[in-house]
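Open the model in your viewer and keep the sequence panel beside it. The tour goes from one selection to the next and says what is found at each stop.

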Amino acid sequence: MKRKAINEMKMIFLSDSKNESFARSAVTAFAAQLDPDMEELADIRTTVSEAVTNSILHGYRGTSGKITVEVKLFDDRSLRIRVSDRGCGIEDVEQAMQPLFTTDKSGERGGMGFAIMKSFSDSLSVKSKPGVGTVVTVTKRLK
Ligand SMILES: Nc1ncnc2c1ncn2[C@@H]1O[C@H](COP(=O)(O)OP(=O)(O)OP(=O)(O)O)[C@@H](O)[C@H]1O
Ligand SMILES: [Mg+2]
């Protein structure tokens with residue numbers, strides 16, 4: 001049987017790093033309806049944090065733009081989180097998703113964001129086009 005959506009939300013905010021904790025809190029508060037345990041909540045927080053941070057730091061590097069976060073809850077206790085930006089996009093998505101790959105030159109980034117999002121979820125999809133933007137979709141089924 002196909003899973004059915006039982007609730008959904010969408011929010012749009014500016015690519016200001018102050019909004020990273022806002023996005024994290026908003027998504028976890030919304031996902032609380034599925035009654036996640038502490039570990040699942042931590043996974044959700046981390047996933048949102050990594051994706052939103054990427055949009056701010058990489059997508060809109062040196063510029064400013066809007067980030068959209070959508071969350072859909074399903075009747076099989078799964079949720080889908082989608083983080084989209086209209087930033088610079090990714091030239092080679094497969095390469096970007098490799099653990100330790102980073103375009104950051106400051107030495108502060110470990111290139112582990114996508115690897116972390118992947119390990120904390122059941123599926124991770126990254127769609128991106130240079131000059132158009134990036135859409136990261138993560139699904140997770142709760143216990
Ligand atoms: N939204 C995005 N827009 C443009 N490029 C992105 C976006 N998200 C990721 N990237 C590119 O993919 C690379 C890998 O991302 P990933 O999150 O795995 O590592 P990182 O952000 O470089 O380091 P870390 O997440 O460990 O701090 C980034 O260095 C960047 O080049
Ligand atoms: Mg990252």
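Which side chain is joined to that of Ser 78 by a polar contact of 2.8 Å? Select Ser 78 and show side chains around it: the partner is Arg 3. Bear in mind throughout that this is a predicted model.

**Stop 1: Ser 78**

Stay on Ser 78 and display the strands. Ser 78 is found in strand S3, which covers residues 78–85. Besides the contact with Arg 3, at 2.8 Å, the side chain of Ser 78 makes a polar contact of 2.5 Å with the side chain of Asp 76. Now switch on a surface. Ser 78 has a relative accessibility of 3%. Since buried means under 20%, Ser 78 counts as buried.

**Stop 2: Arg 77**

Select Arg 77. This residue is in the loop between strand S2 (66–74) and S3. What is the sign of phi here, in a residue that is not a glycine? Phi of Arg 77 is positive, at about 65 degrees. Its relative accessibility is 28%. That value falls between the 20% limit for buried and the 50% limit for exposed, so Arg 77 counts as partly exposed.

Keep Arg 77 selected and draw two C-alpha distances from it. Draw one to Arg 141: the two residues are 64 apart in sequence, and their C-alpha atoms are 5.8 Å apart in space. Draw another to Ala 31: here the separation is 46 residues along the chain and 9.9 Å between C-alpha atoms.

**Stop 3: Ala 31 and Asp 35**

Follow the second distance to its other end. Ala 31 is in helix H1, and H1 spans 18–31. Is Ala 31 buried or exposed? With a relative accessible area of 0%, Ala 31 is buried.

Move along the chain to Asp 35, in the loop between helix H1 and H2. Its phi is near 55 degrees, a positive value in a residue other than glycine. Asp 35 has a relative accessibility of 60%. Exposed means over 50%, so Asp 35 counts as exposed.

**Stop 4: the ligand**

Select ligand 1 and show the residues around it. How many residues surround ligand 1? There are 20, and the closest are His 58, Thr 102, Thr 103, Arg 109 and Met 112. Colour the shell by residue class: it divides into six nonpolar, 11 polar and three charged residues.

Next, show the helices. H2 (38–59) and H4 (113–119) each supply at least two residues of the shell. The largest share, five residues, comes from H2.

Now look for N and O atoms beside the oxygen atoms of the ligand:

- Asn 54: an N or O atom of the side chain is 2.8 Å from an oxygen atom of ligand 1.
- His 58: an N or O atom of the side chain is 2.7 Å from an oxygen atom of ligand 1.
- Gly 113: a backbone N or O atom lies 3.2 Å from an oxygen atom of ligand 1.

On its own, ligand 1 has 600 Å² of accessible area, and the protein covers 94% of this. Hide the ligand and display pockets: the space that ligand 1 takes is the largest pocket.

**Stop 5: strand S5**

Select residues 133–141, which form strand S5. Thr 139 is in this strand. Which side chain does that of Thr 139 contact at 2.5 Å? The partner in this polar contact is the side chain of Ser 123. Thr 139 counts as buried, with 16% relative accessibility.

Thr 137 is also placed in S5. Its relative accessibility is 9%, so Thr 137 counts as buried. Draw a C-alpha distance from Thr 137 to Thr 63: it comes to 23 Å, for residues 74 apart in sequence.

**Stop 6: Lys 4**

Finish at Lys 4, in the segment before strand S1 (5–14). Its relative accessibility is 57%, so Lys 4 counts as exposed. A last C-alpha distance, from Lys 4 to Met 38, gives 25 Å for residues 34 apart along the chain.

How values were computed:
Residues numbered from 1 in each chain as written. Chains lettered and ligands numbered in written order. Predicted model: local features only at pLDDT ≥ 70, side-chain atom pairs only at ≥ 80, totals over all residues. Heavy atoms only, no water. Near = heavy atom within 4 Å. Polar contact = N/O pair within 3.5 Å; in protein donor to acceptor, adjacent residues only side chain to side chain. Areas by Shrake-Rupley, 256 points an atom, 1.4 Å probe, with all protein chains shown as cover. 1 Å grid on protein atoms, 1.4 Å probe; cavity = no way out; pocket = protein on both sides within 12 Å on 5 of 7 lines; lining within 4 Å. Sits in = over half its atoms within 2 Å of the grid points. Helix = DSSP H or I, 4+ residues; strand = E, 2+ residues; numbered from the N terminus. Nonpolar A, V, L, I, M, F, W, Y, C, P; charged D, E, K, R; others polar. Buried < 20%, exposed > 50% of the residue type's maximum accessible area, 1.4 Å probe, protein only.
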